[in-house]
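Please go through the structure shown below together with the paragraphs that come after it.

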Amino acid sequence: MKLKSLILGSVAAAGLSTAGFAADLGVLTSLDVCDELGLSGLTISSDTNCLQISGAVNYTFEWGNFNGGGHVIANTPFAGAPNTDGVVSVDTPSNLVGVSNQDWDSKVETLLKFVGTASSDFGPASVVINLRQRDYQRARDAIGVVNGDAHPLRAQDAYVQVGDTTILSAGKKGSIFNEGDDEPFNFTGLFMSKDADVGVWEGPVRKGGHVIQLESSFGEGLVGKIGLEALDRTDNEAGSLIGVLQYAGEGITAHISGSVGGLLDGVQTVGDTYAVHAGVTSTFDAFKLRAALAAGGGYNPAGNWSYWNGLVSGEAKFDMFKVALSAEAAGGTAVGGAALDTDFGFGGSFGATVTDGIEINIGGRYFNDGTAGVGDGYQVAAQLIASLTETVKLTTEIGVYGHAADVAPAPVAAAYSDFYGKAELGWTPGGGFSSSVGATVQQNGAYKVTFKASKAFQ
């Protein structure tokens, strides 16, 4: 055993001294193309290319009695404009006689991404292939929905790209249109913002798909982007010219994005649209301020339509306390030119870190539908977040949703409210794996149990 240890030690010492001697002579011993390009993660290299591989699987299962249909806000002010957002609802139960009232969803999302990169005279040259599969099956009242939003394995992204400070991209790709800097800080959010994918409504921007894009960094945190997108559409909305100017510096991020759609057909049709989205977030020590505005519209022979949607939000932290206030408003004109009612809402929350690992949030949100006779919507909630261990977190919430009575000239409907309680136990043991199990129970009889699990690698 001693002789074996002596031999192994001698071999190791010889290897170290050889490597040191090679370094002294300037000899490159083990640098491959991935190292040269500064690429890391799960990689495979050849003489000229570095292939990065990443992916994820997300699974969600929901079971209970949650058919939906209780409107907290009936609509947004964009009624009359095409492709508007819908309603914000709470779950309501089914009460069918003689049949099952059980509902369930089962969804698997698979992502697999390959990025092959080589050096060029203009900077890194890459090909990106992002494969995605979604299998989503639903059952309402125990009756399954065939092919419920299921998609076979397909190339969600497939494009080529070259450049460093200036980057040219072409192929099937997501949009350069920037919709950031527009989420409210209060923990319940805002009603219209929630309905617009958490933010201000960017309008019917035809974006992504087949694209030609150019991005350039001007230095000092300033970036400009321009692109032709939606080139694969075959209707009168095909072809969007998109431009973006964005900035990220110490304590501030800001952007303005613009889009003109329906360009490829060369004639004025109902598919011709325009949209602007702008946002700014500033951080000053313990304070954060955010403002966002979206506006746009489109052509219609009966009369053009337009919209606008603005949001402001602020947050302040004082030792263990956090206060956030937010407000939103929206309006515009319907097809034909008639003015839409101006809707508005506001929200706020108060948070406190009681002890290390325990946080409490109390807040709410309110929505005023400018339509005559339509009642207002509201939510009040209290939340507790507790880190039980380094890998286990418990989140609980109780609250109430409500909608005031609808009166003439709107269709008459009584006021209603619905108390709810929910809890979620999350587990993140590491290695990119996370899982949770949660349940929601409502006063009206609706309930839902949710299980989630996901794992990503790169």
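The paragraphs below take up the disulfide, the nonpolar cores, the aromatic rings, and then some individual residues.

The model is predicted, and its local features are taken from residues with pLDDT of at least 70.

The covalent cross-link is a convenient place to begin. How many disulfides does the structure hold? The structure holds one. The disulfide is formed by C34 and C50, with their sulfur atoms 2.1 Å apart. The angle about the S-S bond is 100 degrees, and the link of C34 and C50 is right-handed. C34 belongs to helix α2 (residues 33–37) and C50 to strand β2 (residues 50–65), so the bond ties together parts that are 16 residues apart in sequence. C34 counts as buried because its relative accessibility is 3%, under the 20% limit. C50 has a relative accessibility of 1% and therefore counts as buried as well.

The nonpolar cores come next. The largest nonpolar core has 15 residues. Which residues have the most contacts inside this core? They are V200, V205, I242 and Y307. The elements that contribute two or more residues to this core are β12 (240–249), β15 (287–298) and β16 (305–318). Of these, β16 supplies the largest share of the core, with three residues. There is also a second, separate core of eleven residues, and I73, V88, F191 and F367 are included in this second core.

Two of the residues just named appear again among the aromatic rings. Y307, one of the residues with the most contacts inside the largest core, is linked with W201 and W305 into a cluster by ring pairs. F191, a member of the second core, has R365 over the face of its ring, at 4.1 Å from the ring centre. A comparable arrangement is found for K448, which lies over the face of F66 at 4.6 Å from the ring centre.

A pair of aromatic rings is described by the distance of the centres and the angle of the planes. A search of the whole structure finds eight aromatic pairs. In the pair of W427 and F433, the ring centres are 5.8 Å apart and the planes stand at 75 degrees, so the pair is edge-to-face. The cut-off behind that label is an angle of over 60 degrees. Are W427 and F433 buried, exposed or partly exposed? W427 counts as partly exposed because its relative accessibility is 42%. F433 has a relative accessible area of 30% and is therefore partly exposed too.

The loop between β9 (166–173) and α3 (191–195) contains N178. What does the side chain of N178 reach? A polar atom of this side chain lies 2.8 Å from the backbone nitrogen of G180. The side chain of N178 also makes a polar contact with the side chain of Q246, at 3.0 Å. Leaving aside residues up to four places away in sequence, N178 touches V244, Q246, H255, S257 and H277.

D181 is placed in the loop between β9 and α3 as well. Its phi is near 55 degrees, a positive value in a residue other than glycine. D181 is buried because its relative accessible area is 17%. A230 likewise has a positive phi, near 55 degrees, in a residue other than glycine. A230 is found in the loop between β11 (222–229) and β12. With a relative accessible area of 2%, A230 is therefore buried.

Another backbone feature concerns a proline. The peptide bond from A408 to P409 is cis, with omega near 10 degrees. Where is P409 placed? P409 is in the loop between β21 (392–403) and β22 (416–430).

The last residue to consider is V128, which is found in strand β6 (residues 125–140). V128 has a relative accessible area of 4% and is therefore buried. V128 and V115 are 13 residues apart in sequence, while their C-alpha atoms are 4.6 Å apart in space. Not counting residues up to four places away in sequence, V128 touches K113, F114, V115, D157, A158 and Y159.

Definitions and conventions:
Residues are numbered from 1 along each chain as its sequence is written. This is a predicted model: local features need pLDDT of at least 70, side-chain atom pairs count only at pLDDT 80 or more; totals for chains, interfaces and linings use all residues. Side-chain values use heavy atoms; hydrogens and water are left out. Rings of Phe, Tyr and Trp (its six-membered ring) pair if their centres lie within 6.5 Å; planes under 30 degrees apart count as stacked, over 60 as edge-to-face and the rest as tilted. Buried means under 20% relative accessible area, exposed over 50%, partly exposed in between (1.4 Å probe, protein chains only). A charge sits over a ring if NZ of Lys or CZ of Arg is within 6 Å of the ring centre and within 35 degrees of the ring normal. Helices (H or I, at least four residues) and strands (E, at least two) are DSSP runs, numbered from the N terminus. A polar contact is a pair of N or O atoms within 3.5 Å; within protein, one must be able to donate a hydrogen and the other to accept it, and residues adjacent in sequence count only if both atoms are side-chain atoms. Contact means heavy atoms within 4.5 Å. A disulfide is a pair of cysteine sulfur atoms within 2.5 Å. A nonpolar core is a set of buried Ala, Val, Leu, Ile, Met, Phe, Trp, Tyr and Cys residues joined through side-chain atoms within 4.5 Å.
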